[in-house]
Amino acid sequence: MTKISSQVKPLGNRLRGKLARTIAPPSPVAPPSPVAPAAGGRFGPISSAVIAVPDDVMRDIERTSLNRLCTTSDWEAHGPLSQVMNELNDSVCIHRKSWEYALCILGLRQLGEYGETSKAIAVGAGYERPLFHYANEIQLMVATDLYDNPDHEGQPAMLTSPETFAPFEYREDHLNVLRMSGDQLDFPDCEFDFAFCLSSIEHFGSRETQRKSLAEMRRVLKPGGIAAIATELILNDGTHDEYYTYAELEEMFLKAPGFELVGGDLDLRIQQSLLDYPVELDRHRNTNASPHITLYTEGCLITSVMLFLRRTVD
Ligand SMILES: C[S@@+](CC[C@H](N)C(=O)[O-])C[C@H]1O[C@@H](n2cnc3c(N)ncnc32)[C@H](O)[C@@H]1O
């Protein structure tokens, strides 16, 4: 069983003020929309769960649910997500990774009562920015990953020199980086106040392994603790071993035993231009061109979806 040290320095002055406590209603019912489900285009019929919104209409829609798709309207100048991206010292390009990191932090701020005594675990963590952010905010941030891929996010060097990946100064003794498989978290029950797993769970192997990982996250969370999950939703009629169709997303996450969706209804609205002009991974030379939000690969049109799941009391 992995022991986590609580021998940490007192909080520095980077600790931000008291966290907000707004909790949106929990029922996972699709929100009403003035716009019909998308009919489809170059990339095949759009899933009936997804709602395409003309870009000019999307500009005027205020999306309040934390459980939603990545869209460019979230890069509102001086908006709440742009502010968190600034806090994370993130680049100015419109990239869904920045959105995942910022919405994870914003959502956990709104839903939780986290502060200097909290402990959190990140699963399939790589060297993501929220790790360093939380090292400055909470008592202990534990990053777990296989850390076996020097060419991608799971770089082994993170185990020995996390400071070389840090986008800003952080309290080194508040971040613990461990090699651990996401479906076997080597911690006691109810150890952590919150967890996050950002665009990783779909890479953990079979759906069964992914289900096991979600159950592990639940086990190590305290009752009432939140798991923030970002994963890939298929927006068209494609299917894939890793990316989720809406039906699979519902089955795996929205109906996960012992969890409830919190932070608002799942909002699957997305602006039309993102469905029409994805980054085509097999065609475009610059696959990081902005906006990097919707991607087309292997017959699947995908984007990031964020879900906040609260561990219910047994
Ligand atoms: C797409 S990366 C995302 C990394 C990070 N969450 C981020 O947002 O930058 C997926 C990560 O999952 C990790 N991974 C793959 N299979 C895993 C497993 N079975 N257990 C834990 N981590 C795993 C990889 O090493 C990689 O770091």
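**Core**

I started with the largest nonpolar core, which has 89 residues in this predicted model. The residues with the most contacts inside that core are Ala-120, Met-141, Ala-195, Ala-227 and Leu-309. Helix α3, residues 96-111, gives the most to this core: nine residues. A reminder to myself: nonpolar side chains tend to be buried together in soluble globular proteins.

I then picked Ala-120 and listed its contacts, leaving aside neighbours within four places in sequence. Tyr-134, Ile-138, Met-141 and Val-142 came up, and so did the run Phe-192, Asp-193, Phe-194 and Ala-195. Two of these, Met-141 and Ala-195, are also on my list of residues with the most contacts in the core.

**Whole protein**

Next I pulled up the overall numbers. The protein has eight helices and eleven strands. Buried residues account for 46% of its 314 residues. I also looked at contacts between residues at least 6 apart in sequence, and 73% of them join residues at least 24 apart.

**Strands β5, β6 and β11**

How many residues of β6 are buried? I got eleven of 14 for this strand, residues 221-234, so I noted β6 as mostly covered, using the cut-off of 20 or more other C-beta atoms within 10 Å.

On one pairing, β6 runs parallel to β5 (residues 192-198), joined by six bridges. On another, β6 pairs with β11 (residues 300-311) in the antiparallel sense, over nine bridges. I followed single bridges across: Leu-198 has Ala-230 in β6 as its bridge partner, and Ala-230 in turn has Met-306 in β11.

I checked the connection too. β5, helix α6 (residues 207-220) and β6 make a β-α-β unit, and the unit is right-handed.

**Pro-130**

I found Pro-130 in helix α4, residues 129-135. Is Pro-130 buried or exposed? I counted 24 C-beta neighbours inside 10 Å, so Pro-130 goes down as buried. Leaving aside neighbours within four places in sequence, Pro-130 is in contact with Tyr-101, Cys-104, Ile-105, Ala-122 and Phe-196. I also took the distance to Glu-100: 9.7 Å from C-alpha to C-alpha, with the two positions 30 residues apart in sequence numbering.

**Ligand shell**

I counted 16 residues around the ligand. The closest are Gly-124, Gly-126, Glu-153, Gly-154 and Gly-182. Sorted by class, the shell has nine polar, four nonpolar and three charged residues.

**Backbone oddments**

Where are the positive phi values outside glycine that I wrote down? One is at Asn-89, with phi near 60°. Asn-89 lies in the loop between α2 (80-87) and α3. With 13 C-beta neighbours inside 10 Å, Asn-89 counts as partly exposed.

Another is at Cys-190, which is not a glycine but has a positive phi of about 55°. I placed Cys-190 in the loop between β4 (175-179) and β5. Cys-190 is partly exposed because it has 13 C-beta neighbours inside 10 Å.

Last entry: the peptide bond from Ser-290 to Pro-291 is cis, with omega near 0°. Pro-291 sits in a loop as well, between β9 (279-280) and β10 (295-297).

How values were computed:
Residues are numbered from 1 along each chain as its sequence is written. This is a predicted model: local features need pLDDT of at least 70, side-chain atom pairs count only at pLDDT 80 or more; totals for chains, interfaces and linings use all residues. A nonpolar core is a set of buried Ala, Val, Leu, Ile, Met, Phe, Trp, Tyr and Cys residues joined through C-beta atoms within 7 Å. A residue is buried if 20 or more other C-beta atoms lie within 10 Å of its own, exposed if 12 or fewer, and partly exposed in between; C-beta atoms are placed from the backbone. Helices (H or I, at least four residues) and strands (E, at least two) are DSSP runs, numbered from the N terminus. Two residues are in contact if their C-beta atoms, placed from the backbone, lie within 7 Å. A residue is near a molecule or strand if its C-beta atom, placed from the backbone, lies within 6 Å of it. Ala, Val, Leu, Ile, Met, Phe, Trp, Tyr, Cys and Pro count as nonpolar, Asp, Glu, Lys and Arg as charged, and the others, Gly among them, as polar. Two strands pair if DSSP finds at least two bridges between them. A crossover is right-handed if, with the strands pointing away from the viewer, the path from the first strand over the helix to the second runs clockwise.
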